[in-house]
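This report looks at one lysine and at the surroundings of the bound ligand. The sequence and the structure come first, and the description follows.

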Amino acid sequence: MASEADLRARLQRAGQQHLLRFCAELAPEPRAALLAQLEALEPEALRQHCQRAAAACARPPGPPPDLAARLQPLPPERVGSASEGDPQTRRLWEEEGLHQIALNKVAVLLLAGGQGTRLGVTYPKGMYQVGLPSQKTLYQLQAERIRRVEQLAGERHGTRCTVPWYIMTSEFTLGPTARFFKEHDFFHLDPNNVIMFEQRMLPAVTFDGRAILERKDKVAMAPDGNGGLYSALEDHQILEDMERRGVEFVHVYCVDNILVRLADPVFIGFCVLRGADCGAKVVEKAYPEEPVGVVCQVDGVPQVVEYSEISPEVAQLRAPGGGLLYNAGNICNHFFTRDFLRMVTRELEHLLQPHVAVKKVPCVDEHGNPVKPLQPNGIKMEKFVFDVLPFAKNFVAFQVLREEEFSPLKNADSADRDSPSTSRRALLAQHCRWALRAGARFLDVHGAQLPEQPSLPGSTEPPAICEISPLVSYAGEGLEEYLRGREFRPPLILDEAMARELQP
Ligand SMILES: CC(=O)N[C@H]1[C@@H](OP(=O)(O)O)O[C@H](CO)[C@@H](O)[C@@H]1O
């Protein structure tokens, strides 16, 4: 371990010697912890990071003034659709996806390093349960969808196959996530096929470029954004692991969408058949200010412009038909070939520009007393996972139906959007639709049939509570044999045991 004098010299080179301000008054243990933390910060990288943050902060806030003139919607030939077009083509995509899964060529990769600040929980978001009758957490729903898609592909091709689950965590989420999976016996997945790895952390910085002390003995650190994926893949040799397993296609997704279709065969098949190296699922934006990135072109090159970086005027622009001009909402579901990821980690990672997030960062005052700032006082620098899109040789977008595939959990229930209640409703409405479509009939307490509304929107309370285990159906398939022509008094909880009972 480096001596305090060494560290002081290193910090001086980085212009950050204030981080040792309280060192002399610390007890041996916290002192050693602080020194260890500081030792891990490479001086030149630290200097650059702090300077970059201050420089970014000095620029006028908001999107670059010329951005609007450089934007264009994606050309239609780059966009496929899961819902429009003929069912035959959709079946072809699905077949191709299932085939690749059966060949063990598909992996899923979860971005789960975030802190869930907006949701207001202190544990990883994936451990959250939104109050479904089954009480399943987001992690459990995802694990079960992996098992089901493996089963569907395996049955179709008469083989046993595996979709490995890579989980990128951070210092905040690795410990609790790993414990949670162990406690739940990896939700009956083989632990060898669940690979957790950690993304890097970066210091939070004041507006004038000084790294922030969160406590006398600790620098305030934050994960380096979901675009930290690319250095984390390299740090932990994840692409080598994929290569060993024969994985060629990776579905990357973020943790908070309760309707996420892991390794979605339709999306995978579409991307593979189009020869894409990089793809993104999109939904039609719900309203101009919706906090979703916009998939579009900048200077003729496909890119996502994040909601925090688009001006309200541009977000509100209308196309000739009356819809939003920039209506391809990014749902943080990406397709990458392993070769593309390899090229990014080897050659391009350093070209990704960090984005600036101005935040309230808990810190200490000049006497070392803890302060919970009421106003933003610091900058976190984050890379974005989609910033590799411009490097793709053949990027495609794939439009899906919001009510079937997108209901993110971002906020606490005090918000009226993207909350536990809206996620729960979206999932239950979807399952109710699936059940009605498969021919189930729901009865009220008096035995009278409830009105059928097969086009139930995800935003309203469904007429009957119905939850279908992902182990029984991945995307609404195969339910007729259990439900057709049958009457149920809600709640209907269709899990594997009930499915066995209902089997003709
Ligand atoms: C950097 C990044 O991936 N941002 C994504 C991500 O936003 P967050 O606010 O970071 O959760 O998920 C959104 C969809 O839920 C997507 O629209 C957006 O572009």
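Contact here means that heavy atoms lie within 4.5 Å of each other. In this predicted model, and leaving aside neighbours within four places in sequence, Lys125 is in contact with Gly116, Leu119, Leu138, Val255, Asp256, Leu409 and Lys410. Lys125 itself is found in the loop that runs between strand E3 (106-111) and helix H6 (138-157).

Is Lys125 buried or exposed? Because buried means under 20% relative accessible area, Lys125, with a relative accessibility of 12%, counts as buried. Leu409, one of the residues in contact with Lys125, also offers a polar partner, since the side chain of Lys125 reaches the backbone oxygen of Leu409 at 2.8 Å.

Lys410, which is likewise among the contacts of Lys125, leads on to the ligand, for Lys410 is one of the residues that come nearest to the ligand, together with Asn226, Glu306, Tyr307 and Asn330, out of the 13 residues around it. By class, this shell holds seven nonpolar, three polar and three charged residues.

The table lists distances from an oxygen atom of the ligand to N or O atoms of the protein.

| Residue | Part of the residue | Distance to a ligand oxygen atom |
|---|---|---|
| Arg118 | side chain N or O atom | 2.9 Å |
| Asn330 | backbone N or O atom | 2.6 Å |
| Lys410 | side chain N or O atom | 2.6 Å |

Taken alone, the ligand exposes 440 Å², and the protein buries 89% of that area.

Definitions and conventions:
Residues numbered from 1 in each chain as written. Predicted model: local features only at pLDDT ≥ 70, side-chain atom pairs only at ≥ 80, totals over all residues. Heavy atoms only, no water. Helix = DSSP H or I, 4+ residues; strand = E, 2+ residues; numbered from the N terminus. Buried < 20%, exposed > 50% of the residue type's maximum accessible area, 1.4 Å probe, protein only. Polar contact = N/O pair within 3.5 Å; in protein donor to acceptor, adjacent residues only side chain to side chain. Near = heavy atom within 4 Å. Areas by Shrake-Rupley, 256 points an atom, 1.4 Å probe, with all protein chains shown as cover. Nonpolar A, V, L, I, M, F, W, Y, C, P; charged D, E, K, R; others polar.
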